[in-house]
Protein chains: 4
Amino acid sequence: MRVAVIGASGYTGLELLRILLRHPDIELTAITSERNAGRAVADVYPAFRALLDLSFEAVDPPSLAARVDAAFAALPHAASAPVVRELVKAGARVVDLSADFRLRDPATYAAWYGEHAAPELLGQAVYGIPEFHREALRTTQLVAAPGCYPTSALLPLAPFLRERCIDPGTVMVDSKSGVSGAGRKADESLLLAEMAENCRAYNVGGAHRHVPEMEEQARGLAGCEVRFSFVPQLLPAVRGIATTVFARPTRTMTTEGACALLEAAYLEEPFVRVLPPGETPSLAAVRGSNFCDVAAVVDTRTGMLVLLSALDNLVKGAGGQAVQCFNVMAGLPETRGLLEAPFVP
Amino acid sequence: MRVAVIGASGYTGLELLRILLRHPDIELTAITSERNAGRAVADVYPAFRALLDLSFEAVDPPSLAARVDAAFAALPHAASAPVVRELVKAGARVVDLSADFRLRDPATYAAWYGEHAAPELLGQAVYGIPEFHREALRTTQLVAAPGCYPTSALLPLAPFLRERCIDPGTVMVDSKSGVSGAGRKADESLLLAEMAENCRAYNVGGAHRHVPEMEEQARGLAGCEVRFSFVPQLLPAVRGIATTVFARPTRTMTTEGACALLEAAYLEEPFVRVLPPGETPSLAAVRGSNFCDVAAVVDTRTGMLVLLSALDNLVKGAGGQAVQCFNVMAGLPETRGLLEAPFVP
Amino acid sequence: MRVAVIGASGYTGLELLRILLRHPDIELTAITSERNAGRAVADVYPAFRALLDLSFEAVDPPSLAARVDAAFAALPHAASAPVVRELVKAGARVVDLSADFRLRDPATYAAWYGEHAAPELLGQAVYGIPEFHREALRTTQLVAAPGCYPTSALLPLAPFLRERCIDPGTVMVDSKSGVSGAGRKADESLLLAEMAENCRAYNVGGAHRHVPEMEEQARGLAGCEVRFSFVPQLLPAVRGIATTVFARPTRTMTTEGACALLEAAYLEEPFVRVLPPGETPSLAAVRGSNFCDVAAVVDTRTGMLVLLSALDNLVKGAGGQAVQCFNVMAGLPETRGLLEAPFVP
Amino acid sequence: MRVAVIGASGYTGLELLRILLRHPDIELTAITSERNAGRAVADVYPAFRALLDLSFEAVDPPSLAARVDAAFAALPHAASAPVVRELVKAGARVVDLSADFRLRDPATYAAWYGEHAAPELLGQAVYGIPEFHREALRTTQLVAAPGCYPTSALLPLAPFLRERCIDPGTVMVDSKSGVSGAGRKADESLLLAEMAENCRAYNVGGAHRHVPEMEEQARGLAGCEVRFSFVPQLLPAVRGIATTVFARPTRTMTTEGACALLEAAYLEEPFVRVLPPGETPSLAAVRGSNFCDVAAVVDTRTGMLVLLSALDNLVKGAGGQAVQCFNVMAGLPETRGLLEAPFVP
C-alpha cells in the first residue's frame, strides 16, 4: 500500500516515519514538509540515513492523491482541513493527526480553534481510538487521530463511564507529558537548560484544547454530560504521558472490583494492558511501544477511585494509534507493524 | 552557636551541611554517620573537600550534648526517637527531620510506624512549618520538621482550610517528587537507567505515610476532619516537588478571589511566593532555594479549585525549613542563611 | 530457529529479548536467569507484558542444548566459559557476550580476568565484529561478541590501521558511555540522583579491561603492535557511546582524504554510516539502532587526525551486533531483524 | 560597592545575579538587557521574585558610569567592546565576560572575530584567571574573563607547561560541556527533546574560537608555542565542563609525580582542588561552586599524561571566576562571596 506522510518535520511526523518504515504492508511513497521541501529526508534527519531515500516535497494534494492509496496528515490544526478535504475528495484514505476532525460539533470547534475550513467532513470522520470506535473505523475514509492527553485519560476511564458508576459532574485529571508533546519548535522554555530537572503545569483551569475532545468522547461513552477539570504538566522527559484521574464512585467500589472492570473491558484488546491490583504504570514500561498501561486503585480513606495510565505520547498518543486506526480502516490485522517491545532501559 | 548534624550520610543530611556551612551564626561542630564513622567528610563526599574539616563520628548523645547547643537529626524513623530523647534531656535544642515527632497521637504513630520509643515527647514537639506554628516554635526545645509532601500540599491549602471554603470531605493531591526524596540508597529502581525519562506513581490509595501528617495538620487548620486522597509520583529529576491539589469550593470562587486569599495569607511570609493569576509554579524557579511558590486557579468548566505548588524537597521540604525553624527557635532572624537565589538554570 | 538467551536479567539480556522478539527467523525458546528462575519474564519486566509468555529458568546447559539451535550468553565473565563449553560440545551455535572468548592469548586473559575455564575454545572463537571478520564468522560455531568501547573505537580506526597511515605508538581514545553500560546493579554511584547532570571518568590510565581487546584487534588490523591510551567516561544518559580518537598521521592527510578513506572502507557495510566532511555523529541519531556513525576530521592547526563515532552501546555495542553475527553464522541475511530506525526523538 | 550587570538576560548574566546577590560587599545597582528593558527582573525570571527589586534597563554607559563603581559585562563579542570602552573611560572597573579583550594581538582577534572596536584597550586588559595573573589583576581596571573551555584545560595543564615537561607540539583536549554553555537562545538543536540522552561534538578540528585563547595563554605559561587539538562536545546536562587532556611527557613521569606537581602548584589556591592519585573529578562534585577539580594520571601502557578537570561552566567557567577577579581587582578577600558548597545531589 502506497502511503504519504504529510507534514513530516515535527515529532509526530518523524515518529510516523519510524513506525511506517517497519510496517510490512506499507510503502512510503511521499513525505512532505514545506520548510524542508527539496531536501533529502536523511540530510535533514541524519537518524534516517541509510534507511530512507526520499526527499521532502511541498504539499500538493492532487499530485499526492494520484500517487498514494492513503495519507497520514500531521499538519497544524486549520492547515490540515483544506489538504484533507482534497485528499478525501480524490479518494484517498486519510488519517489526520491534527485537531481538525476530532470534534463533531462545528460550534465547539469554532469556540476552541476558529472557523472550520471543511465542516462538511466533520460528520464523516471517525475518532481514532479503535478500542471505542473499531466498527466505524472499518468503513470510514477519514480518521481523526485523537490528542495524546484524551487517549491517556479516556482509556482507563471508559469502562467506568460506560458502567455509569462514577460521578460525571467532575472528573479530575492531572497529566504529565514529555516535552515532545509540545512539538519541535525553537522555544526558549523548552530548551534542555530550562526543562531539565523541571516540572510545570500549563493551561490550567479548563484552558487546554484537549478538554472539549475529552468531554465529547466521554459523553458518548457515558450517555450523559461529563465534565473534566484538567491539569496538563510538562515533565523533564522527551516522551510519555502519565495520567492520574480522580473520580467519585457512585456505588461502593474496591480496588479489586475496579481492576476487574478494567480487566473485563480490555481482555481482548492487544494494546491496553491492565495491571494487577497493587501495581502502577510507569512510562519506562511503555516507551516506544503502542501500549497503554492502566491501573485502578480505590483510596481506602476517601473512597475515591484513582485511575492511572501510562503511554508513549508519540506512539499510542499519536503515530502508533494512527497506524492502528489505519490497519483497521485498511482491513489489515490491527497489530500489524505495532507489536514492538518497549524501549527499555 | 555550636551545632551537630546527626545522620549526615543521606541526601537530607548532605543538604543540611550545605545550608549550615553558609549560615553566619552557626558553627558545625559534629557530624555523625554510623556507616562512615571515622572517615573525613570530604573523603566520603568529595564535593565538601576544602570546605569542611570534620570527620564523621558515631552517634553518642551524651558526648554530643556536651559539645553542641543544638542538633539536627536526620536519622530514619524509630532510630531517631531514642537519640532525640537523650539530647533533649541533656538540654540541647533539637530539630528532628524524621517522622518520629510529627504526629500528636501515639496511636496514629503506632498505626503507621510501630510503637513509639519516646511518646512522652510527642506533646512537646512543635510541627515545623513556621508559617503555621511560628509562636509555638519560639519557645519549644524540639521541632518535628515535616515531610516534604505535606509542606507542598498544606502551604497552598492552608488559607482555604482556615476560611473553611472548601469541602473537607475529599481533597485530592497529586504530588510529583524528584528521586532524592527516596533517599540515598542502592535500589535498582532508582538507577538513572531506570528513572531517566520515567515517571511512576507509588503508594497510591491512602498508603503513603505522609497522609496522617497531612490530615492531622489540616484538621488543626480547618477545625474539622479533612480527608486526603494522595497520589505520590516519582519524577525523572533529582530535586523538587510539584503538587496539584483539587478541592471543591463550598462557595462561589474565582481565580482572582482564590489568588487574593493566598496573597493575603502570605503577604508577610518571606518564603512563600504567591504567583499572580495566570502564572504557574515551576520546579526550576525554586530549585536550591527555601521558597515555596503557590498558585490558585478556579476551573471555569467545573468550578473546582486547583492549587499548584513547587518547592525543593531538600530545602523547603527538609533541610531549609529545618533551619528556618531553628532560626525561629533560637531567636535569630528567620531568614538567616536562607535567602539564597534559586539555582537557575 | 529455536534460540535461548542465557542470563537475561541485565540490560544486555533485556536488549537481546527486545531485538530477538522482532527477528522473523527466531523463536525465543528459553530465557535463563538464576536470580529470577521460576518467575514469568513479564512479571519481572512489565515492559514485556503481552509480548512474551516465557518464564525465566535456571541455566542447565544439557537441557538447553536439547531444546535450542543456538544460544546468546549474557553472563558475567568467568561464569560464561563453562556454560558455553557445554553448549558448544552439545552442538549449539553460541554467541557469547561476556569477555571470556574475546582474547586469543590465554596469558593475556589471565592477566586481566584470571585463569580461563575453557582455554581450548579460545582458538575457535571468532571476534564478533562482522565488518572485520565476516568470513570467519560464516563457519564458526562460537562468536565472542566484543566490548562496547572496542567497537566504537575500532570501527572508525580500522581503515587507518589497515592503511598503516597513523602512528601505532599511541592512539588516544576518550569514550563517553551511558550508564546502562555499567549494568543493572544496585550501586549508589549509578543512582539518578548521583548521575543526573554528572559526567566522570573512571579506570583511567590503561586500567580498563577493554584495552587488551582493542590492542589485540588493532594489531590484527595493522599488522603491528598498537598502543591505546584509553579514558572511559560515564555520561548522564542511559544509552550510547560517543568516542573521540586522536591519532598522528604518518603522512599528510586532509579531512576530505580521511573521510574518503572511511567512505571507501564502509561503502558496502549496512551498519556503518560515514558522515560527510563537516558533520559530526550524535548519540541521538543512532539510539536504539544497530548503526555506528563515524566521521573524520584533520585538525588544521596540528595535523592530528580526529575520529568520532557514535553507537548505541546496547545495540551495535552488544545485543544488536550479537544478532548481526548470528545472522552471518546462521547463513541469514546479515541485516535480518536489525534495520530498525533510530529512536528519535 | 555599587555594581552593574550589563547584558543580564543570558545564562552568564543570570548566574552573575545569583552570585552577586549573596556577595556581602556588593550592591546590585543596575541590570541591563536590551530585550527586556523596562520589565522587572523578577517578572522575566520568576526565580528572582522576592529577591531582587530592580528592573532591566537599556545600556547607557554614561548613565551607568555615574551610578556604579564597577560593571560586569556579559554582552556578545563585538557588542561588548564599545560599551566597555566608555565605562573604562569614565573610570569604572570592568570585568568583561565576552571574548573582546581576551587576546593580546589585534590580528589574532580579527582572524577569529572580525575587526576590533577598541584595540587600544587590548594591552591594558588582564586575562582573568587569578591563578595565573593575580598580581596584574590587583592593579588593572579591566579584566577579560576567560572562556569556560580554556579555564578547564589550562588549570590542569599550567604546572606541566611551566615545567616544560610535556611536548608543546600537540596537546589534545576533549571537553564535554553542559548546554548552558551554548547560551539561552531558541535553537531547535538545544531543545530537551533533542539533547536529552544525546552527546555530540561540534567545531572539531581547530574551529572553535577558544583555541587561540588557549594557545596564547599556554604560550605565556610555557614560554614557547603550544598547539592544541581541541574537540568540544555537548553533554545532556545543563552545567559543567569535564575536560580530558592528553599530552606526551618529555621526561619519565609517574602518576604520583604528576599529582605531586599539581599539588605543589595549587597548594595555596582556594579554588583549585587537586585530587589524590586514583581519584577522578566529577561534575557533581563542583556543580554550583567556584571550584575546579583537577587530577593527573600517567598511562601505564603508553606513558601518556592524562589530565582531567571538572568545573561549573557558569561559575568557575564564567560568573564565579569573574567575581573572583573582581575581588582581587577591588582589594577584597579573593574568596568573598564564593565559598559556596557544591550543589549536591
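**Contacts, sheets and domains in a predicted model**

Reader: How many residues of chain C are in contact with the 45 residues of chain D?

Author: The model is a predicted one. In it, the 45 contacting residues of chain D are matched by a set on chain C that numbers 45 residues.

Reader: Which class, nonpolar, polar or charged, has 23 members on the side of chain D that touches chain C?

Author: Several strands of chain D each give at least two residues to this side, among them β8 (171-177), β10 (228-234) and β11 (241-247). One helix, α8 (192-195), is also listed as supplying at least two. By class, ten residues of this side are charged and twelve are polar, and the class with 23 is nonpolar.

Reader: What kind of axis relates chain D to chain C?

Author: Chain D can be laid on chain C by a turn of 180° with a shift of 0.0 Å along the axis, and the RMSD is then 0.0 Å. The two copies are therefore related as by a two-fold rotation axis.

Reader: Which residue of chain D comes closest to the rotation axis?

Author: The same surface serves both copies, since 100% of the contact residues of chain D recur in chain C. Taken by C-alpha, the closest approach of chain D to the axis is 3.2 Å, and the residue there is D:P236.

Reader: Which strands stand at the edges of the open sheet of chain C?

Author: The sheet has seven strands with mixed pairing, in the order β9-β10-β8-β11-β14-β13-β12. An edge strand has a single partner, so one of its sides is left without a neighbour in the sheet; the strands in this position are β9 (200-201) and β12 (272-274) of chain C.

Reader: Which residue of β14(C) stands opposite C:A296?

Author: Strands β13 (residues 292-298) and β14 (residues 305-311) of chain C pair in the antiparallel sense, over seven bridges. Within β14(C), the residue opposite C:A296 is C:L307.

Reader: Is B:A296 buried or exposed?

Author: In chain B, B:A296 lies in strand β13 (residues 292-298). Apart from neighbours within four places in sequence, its contacts include B:P156, B:T255, B:L305 and B:L307. A residue needs 20 or more other C-beta atoms within 10 Å to count as buried. B:A296 has 29 such neighbours inside 10 Å, so B:A296 is buried.

Reader: What distance separates the C-alpha atoms of B:A296 and B:Q124?

Author: Along the chain, B:A296 and B:Q124 are 172 residues apart. Between their C-alpha atoms the separation is 34 Å.

Reader: What is the hand of the β-α-β crossover from β1(D) to β2(D)?

Author: Strand β1 (residues 2-6) and strand β2 (residues 27-32) of chain D run parallel and are joined by five bridges. In this pair D:I6 stands opposite D:T32. Between the two strands the chain passes through helix α1 (residues 11-21) of chain D, and the crossover is right-handed.

Reader: Which residue of β3(D) stands opposite D:I31?

Author: β2(D) is also joined to strand β3 (residues 56-57) of chain D, by two bridges and in the parallel sense. Opposite D:I31 in β3(D) is D:F56.

Reader: How many residues of domain 2 of chain A are in contact with domain 1 of chain A?

Author: Chain A is divided into domain 1 (2-124) and domain 2 (149-312), with centres 27 Å apart over C-alpha atoms. Domain 1 brings nine residues to the contact, of which four are nonpolar, three polar and two charged. On the side of domain 2 of chain A the number is seven.

Conventions: Residues are numbered from 1 along each chain as its sequence is written. Chains are lettered from A and ligands numbered from 1 in the order in which they are written. This is a predicted model: local features need pLDDT of at least 70, side-chain atom pairs count only at pLDDT 80 or more; totals for chains, interfaces and linings use all residues. Copies are superposed by least squares on the C-alpha atoms of residues with pLDDT of at least 70 in both. Two residues are in contact if their C-beta atoms, placed from the backbone, lie within 7 Å. Helices (H or I, at least four residues) and strands (E, at least two) are DSSP runs, numbered from the N terminus. Ala, Val, Leu, Ile, Met, Phe, Trp, Tyr, Cys and Pro count as nonpolar, Asp, Glu, Lys and Arg as charged, and the others, Gly among them, as polar. Two strands pair if DSSP finds at least two bridges between them. Domain bounds come from an automatic or database domain assignment. A crossover is right-handed if, with the strands pointing away from the viewer, the path from the first strand over the helix to the second runs clockwise. A residue is buried if 20 or more other C-beta atoms lie within 10 Å of its own, exposed if 12 or fewer, and partly exposed in between; C-beta atoms are placed from the backbone.
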